[in-house]
Structure formats: structure tokens, C-alpha cells
Amino acid sequence: MNPDKYLEIKKECESSGAKLIAVSKTKPVEDLQALYDLGHRDFGENKVQEMEDKKDHLPQDLRWHMIGHLQRNKVKYIAPYVHLIHGVDSLRLLKEINKQAKKVERRIPVLLQMHIAEESSKFGLDRDELEEVLSYLESETPSGVDVSGMMGMATFTENSDQIKREFTGLAKLFGEIKADTRLNGHNFETLSMGMSGDYKIALDCGSNMVRVGSLIFGARN
Ligand SMILES: *Cc1c(COP(=O)(O)O)cnc(C)c1O
């Protein structure tokens with residue numbers, strides 16, 4: 001864990017009005033504890049099992065962000081405590097989160113993951129699927145989910161113009177969808193975009209939540 005780098009990124013986020021999520025996947029609980037001791041509370045993991053394992057060894061007021069692709073059959077494990085689910089990439093997943101949230105009498109904040117990368121490998125909703133989600137919110141008014149914004153991952157490339165294009169596109173969509181009356185009753189405020197390699201571009205493009213791992217914790221194996 002690199003405290004100086006952490007403080008530097010935290011400062012940059014604060015001056016942009018963005019929240020920093022420390023992505024701790026593959027890192028030992030000692031590393032998370034060290035960051036916690038610096039006052040950090042928001043941590044991102046991409047695997048349910050790993051989040052479950054770590055949770056029991058760390059303070060209870062730590063806020064867990066599920067940032068990875070989430071399988072429907074695993075939602076039930078994290079429903080009681082997860083702080084924010086970033087990667088809602090299908091209506092079926094959203095419905096399952098709603099169901100499991102109601103079982104534990106929660107309203108779980110979620111972000112709609114949009115497919116913005118030019119590469120085809122990344123998960124995410126396209127515009128038609130987004131429409132389906134919005135129609136569902138209007139017709140079913142699911143009480144177990146708070147659709148709190150959007151998330152996106154840019155193409156993994158050195159080409160900063162391309163990254164900028166993809167983030168700008170998402171920020172524009174976010175602004176448009178925010179005004180959609182079908183989101184009434186939801187706190188649609190969060191735009192989660194930016195990782196170690198592209199968080200500065202993301203902040204310039206209007207991100208208000210970045211997910212940074214390797215710059216803070218060091219490279220993963
Ligand atoms: C791993 C991961 C990150 C952080 O990646 P770094 O490049 O280490 O900052 C951010 N978002 C998601 C969805 C991830 O899976």
C-alpha cells in the first residue's frame with residue numbers, strides 16, 4: 001500500500017468533487033486495514049467469495065462496493081451488507097437484486113453498467129437494454145433497489161482520445177437519463193468511471209466516483 005499515492009489521488013478526487021473507491025481485489029486484509037487506518041472506508045472487490053472472506057476480518061463500518069460482474073445466484077450472499085453494486089448489466093440481475101434486497105428489508109443502491117468500450121469483451125447494457133430497465137422501473141416500481149447512477153469502463157488502450165470519447169459519451173448519456181421521469185424516486189447521482197490508468201481523464205470528463213486499485217495497492221499478480 002502506498003500512502004503518499006493514496007493521499008495524492010484522494011486530494012485530486014476531492015478537488016473534483018469525486019469519491020474514491022479503493023479497489024482491493026487480490027490484496028490481503030492487512031493492506032485494507034492499513035488504508036482503513038488512514039481513514040478510508042470505501043473498498044471495491046470484484047468477487048463475492050473474496051468480499052465475504054475479507055469482511056469478517058475487517059471493521060464493520062467499512063463500505064463494500066461490488067465492482068465486478070455479478071452472477072445472479074450470488075446476490076443473496078452480499079445483499080445484507082453491500083454498500084453499492086456498480087455492475088448491473090442486465091435486467092435479470094436488477095430483478096434478482098430487488099428480490100434479495102426485499103428479503104433482507106433493504107433498498108440496495110445500484111449503478112447501471114453501460115457498455116461504452118469499442119472492444120466487445122466488456123460487460124454492460126446497450127441503449128435498448130437501458131430502455132428495458134427504465135420501463136421496468138416505471139411499471140414495477142421495485143422497492144428493493146435505488147438506481148443511483150451509471151458505471152462504465154473505457155477500452156484498455158494508450159489512446160487517450162479514444163478513452164476521452166468513451167467517457168464523454170457516457171457522461172452525456174448520464175446527464176440525459178438523469179432527467180428521465182422514470183427515475184423519479186431514485187437517487188440517480190453517481191457516475192462511476194475511471195481506474196488507475198484513466199482516472200484523470202475520467203475526472204476531466206465529469207466522473208464523480210473513481211475506482212482505483214493498482215496505483216494505491218501496487219500491481220496485482
Ligand atoms: C480491477 C478494477 C478496477 C481497478 O483497476 P486498477 O487498474 O487496478 O485501478 C476498477 N474497476 C473495475 C471494474 C475493476 O475490475
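**Figure 1. Helix H3 packs its buried residues against its surroundings in this predicted model.** The buried residues of H3 face helix H2 (29-37), strand S2 (42-45), strand S3 (63-66) and helix H4 (75-78), and they pack against these elements. Helices (H or I, at least four residues) and strands (E, at least two) are DSSP runs, numbered from the N terminus. H3 itself spans residues 48-55, and its buried members are Val 48, Glu 50, Met 51, Lys 54 and Lys 55. Seen down the axis of H3, these buried residues fall within an arc of 165°, so they line one face of the helix. The arc is taken over the directions from the helix axis to the C-beta atoms. Buried here means under 20% relative accessible area, exposed means over 50%, and partly exposed is in between (1.4 Å probe, protein chains only). Because the model is predicted, local features need pLDDT of at least 70 and side-chain atom pairs count only at pLDDT 80 or more, while totals for chains, interfaces and linings use all residues. Residues are numbered from 1 along each chain as its sequence is written, and side-chain values use heavy atoms, with hydrogens and water left out.

**Figure 2. A closer look at Lys 55 of helix H3.** You might wonder: is Lys 55 buried or exposed? Its relative accessibility is 18%, so Lys 55 counts as buried. Leaving aside its neighbours within four places in sequence, Lys 55 is in contact (heavy atoms within 4.5 Å) with Gln 60, Trp 64 and Tyr 81.

**Figure 3. Asp 42 of strand S2 and its partner Arg 63.** Asp 42 has 4% relative accessibility and therefore counts as buried. The side chains of Asp 42 and Arg 63 are joined by a polar contact of 2.8 Å. A polar contact is a pair of N or O atoms within 3.5 Å; within protein, one must be able to donate a hydrogen and the other to accept it, and residues adjacent in sequence count only if both atoms are side-chain atoms. Beyond four places in sequence, Asp 42 is in contact with Lys 19, Leu 20, Ile 21, Ala 22, Arg 63, His 65 and His 83.

**Figure 4. His 40 and Arg 41 in the loop between H2 and S2.** His 40 is buried, with a relative accessible area of 6%, whereas Arg 41 is partly exposed at 22%. A polar atom of the His 40 side chain lies 2.8 Å from the backbone oxygen of Asp 42. For Arg 41, a polar side-chain atom lies 3.0 Å from the backbone oxygen of Tyr 36. Not counting residues up to four places away in sequence, His 40 touches Tyr 6, Leu 20, Ile 21, Ala 22 and Leu 35. On the same basis, Arg 41 touches Tyr 36, Asp 61, Leu 62 and Arg 63.

**Figure 5. The ligand and the residues around it.** Which residues have a heavy atom within 4 Å of the ligand? They are Val 23, Lys 25, Ile 67, Met 151, Met 153, Met 195, Ser 196, Arg 211, Val 212, Gly 213, Ser 214 and Arg 220. An N or O atom in the side chain of Lys 25 is 2.7 Å from an oxygen atom of the ligand. A backbone N or O atom of Ser 214 lies 2.8 Å from a ligand oxygen, and a polar side-chain atom of Arg 220 lies 2.8 Å from a ligand oxygen. The protein covers 90% of the 390 Å² of accessible area that the ligand has on its own. Accessible areas come from the Shrake-Rupley method with a 1.4 Å probe; for residues, only the protein chains shown count as cover.

**Figure 6. The one aromatic pair of the structure.** Phe 174 and Phe 188 are stacked, with 5.2 Å centre to centre and 25° between the planes. Phe 174 lies in helix H7 (residues 160-178) and Phe 188 in the loop between H7 and strand S7 (190-193), so the pair ties together parts that are 14 residues apart in sequence. Rings of Phe, Tyr and Trp (its six-membered ring) pair if their centres lie within 6.5 Å; planes under 30 degrees apart count as stacked, over 60 as edge-to-face and the rest as tilted. Phe 174 counts as buried at 9% relative accessibility, and Phe 188 does at 4%.

**Figure 7. Thr 26 and Thr 141, two loop residues with positive phi.** Most residues other than glycine have a negative phi. Thr 26, in the loop between strand S1 (19-23) and H2, has a positive phi of about 70°. Thr 141, in the loop between helix H6 (127-140) and strand S6 (145-152), has a positive phi of about 35°. Thr 26 counts as exposed at 52% relative accessibility, and Thr 141 is exposed with a relative accessible area of 58%.

Notes. Near = heavy atom within 4 Å.
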